[in-house]
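The following exercises invite the reader to study one structure step by step. Each task is followed by a worked solution.

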Amino acid sequence: MDAMQSRIAMHNGNQLKLGLFGANCSNGRAMTTAPERWTASWDDCEALAELADAVGIDFMLPIGRWRGYRGATDHQGATLESIAWACGMLARTRRMTVLATVHAPLINPVLAAKQMVTADLIGRGRFGLNIVIGWNDGEFGMFGVKKQAEHDARYAYGQEWIDAILRMWGPEEEFDFLGEYLDLKGLRVKPKPYGGARPLIMNAGSSPTGRAYALRNSDAFFTAVRYASLADAARDAAEVKAAGQLMGRNIGVYTVGEVVCRPTRSEAQDYFHYWTEEAADWGAADYMLGLKGVKRADDPSLYDAKRRALIHGQSGFPMIGTPDDVAGELAQISAAGFDGIGFSFLNYLRELPYFAQEVLPRLRRMGLRESAPGA
Ligand SMILES: Cc1cc2nc3c(=O)[nH]c(=O)nc-3n(C[C@H](O)[C@H](O)[C@H](O)COP(=O)(O)O)c2cc1C
């Protein structure tokens, strides 16, 4: 779609798109008590948006989170609501795509459609939607939902939700929307998204139903499976793309990770060890595992492995080392067939400058990135 191509950043020529993941939440994605951890204050988010845009980061992906994971830091306990956050970030930037992560079952589709159009107009076509269906009962309880619908019914509702929104974003002046779950009368929703195109849509469902939903509806599919090897990751990325092609859809496949980049490998490893072992927030990891029904009593060694995996990166690729190491890992992720990666730092604002200075030029020399903005 031509109009989609004209939407910058996520449709630019960078072979490997780079995004910052989780910066709207306190602690970001690092379960640590390290005092320099991310607070997600608006001042820091705003400064990060301006820096990321200037150095050529392609997108920012927030987390849709309504209550924290307790522990010593109440991990992700202070979160900036993602559509409102995206509006602010888009107003402060010129190039990059800013997504919002929206819980379909919790946000009325008319309200969501209008809020997202507003964000898209503020960003002149740079808004993206990450649809989440939700899983955390405590979050639904906050919204007065006594019992979540069962898993696949949530996705069926999510289908109607996005179908209704796409129609609201389309050319129709007035229509009724009648589905199994939604009965919306006399919809008149104006203005429309920027430039006659719709915002980019992403999804990260991992169950078979979740993946089928992503294949039907998204432009970008995110997967955070902790792969046994990059070869497994490559197979998975190829399968998603091929399944998309069969449906006539060109789906970008993305993954997630975290970066510690330092002049020497031992500095990077020591720092990673410090925040994931000495300063780890084990209580937050225990709480999150409890929410997912994982119990130590069932299998203590599996429990400890899962707990450590959570602290070490919440299922993402850890990229820990020198600028050459980190650039090399990113090149491998690209070679495995991924179109991009959303990653986090312990403190985004402190660590992005070194990454931009050292890793981005290496990726350019490897042919994975275009020249820097303004170069
Ligand atoms: C990159 C990525 C980002 C995600 N972001 C959120 C989020 O912000 N909020 C949320 O409730 N779930 C989030 N999820 C969870 C997924 O939306 C999904 O529920 C999960 O992968 C389980 O898949 P399923 O819904 O198919 O069972 C994310 C998953 C991934 C891989």
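In what follows, Ala, Val, Leu, Ile, Met, Phe, Trp, Tyr, Cys and Pro count as nonpolar, Asp, Glu, Lys and Arg as charged, and the others, Gly among them, as polar. The structure is a predicted model, in which local features need pLDDT of at least 70 and side-chain atom pairs count only at pLDDT 80 or more, while totals for chains, interfaces and linings use all residues. Residues are numbered from 1 along each chain as its sequence is written.

**Exercise 1. The ligand shell**

Determine how the residues of the shell around the ligand divide into nonpolar, polar and charged.

Solution. Begin with the residues around the ligand, where a residue is near a molecule if its C-beta atom, placed from the backbone, lies within 6 Å of it. There are 15 of them, and Ala204, Gly205, Ser207, Gly210 and Ala224 come nearest. Next, sort the shell by class: eight residues are nonpolar, seven are polar and none is charged.

**Exercise 2. Helix α4**

Establish which residues of α4 are buried and what they pack against.

Solution. Helices (H or I, at least four residues) and strands (E, at least two) are DSSP runs, numbered from the N terminus. Helix α4 spans residues 109–122, 14 in number, and its first and last C-alpha atoms are 20 Å apart, close to the 20 Å expected; the expected span is 1.5 Å times one less than the number of residues.

A residue is buried if 20 or more other C-beta atoms lie within 10 Å of its own, exposed if 12 or fewer, and partly exposed in between, with C-beta atoms placed from the backbone. By this criterion Pro109, Ala112, Ala113, Met116, Val117, Ala119 and Asp120 of α4 are buried. They cover an arc of only 160° around the axis, and therefore lie on the same side of α4; the arc is that of the directions from the helix axis to the C-beta atoms. An α-helix has 3.6 residues a turn, so residues three or four places apart point the same way.

Finally, consider contacts, which require C-beta atoms, placed from the backbone, within 7 Å. The buried residues of α4 pack against α3 (82–91), β3 (97–103), β4 (127–132) and α6 (151–169).

**Exercise 3. Strands β5 and β6**

Is the pairing of β5 and β6 parallel or antiparallel?

Solution. Two strands pair if DSSP finds at least two bridges between them. Strand β5 (residues 175–178) and β6 are joined by three bridges in the antiparallel sense. Phenylalanine 175 stands opposite leucine 187 in β6, and four residues separate the two strands of this hairpin. Strand β6 (residues 183–187) lies largely in the open, because zero of its five residues are buried.

**Exercise 4. Glycine 19**

Decide whether glycine 19 is buried, and identify what it touches.

Solution. Glycine 19 belongs to strand β1 (residues 17–21). It has 26 C-beta neighbours inside 10 Å and therefore counts as buried. Leaving aside residues up to four places away in sequence, glycine 19 touches Ile57, Asp58, Phe59, Met60, Leu61, Gly340 and Gly342. The C-alpha atom of glycine 19 is 8.5 Å from that of serine 344, although 325 residues separate them along the chain.

**Exercise 5. Backbone geometry**

Find where the peptide bond is cis, and give the phi of asparagine 27 and of glutamine 76.

Solution. Most residues other than glycine have a negative phi, and most peptide bonds are trans. The bond from lysine 190 to proline 191 is cis, with omega near 0°; proline 191 lies in the loop between β6 and β7 (200–203). Asparagine 27, in the loop between β1 and α2 (42–55), has a positive phi of about 75°. Glutamine 76, in the loop between β2 (59–61) and α3, has a positive phi of about 55°.

Terms used. Two residues are in contact if their C-beta atoms, placed from the backbone, lie within 7 Å.
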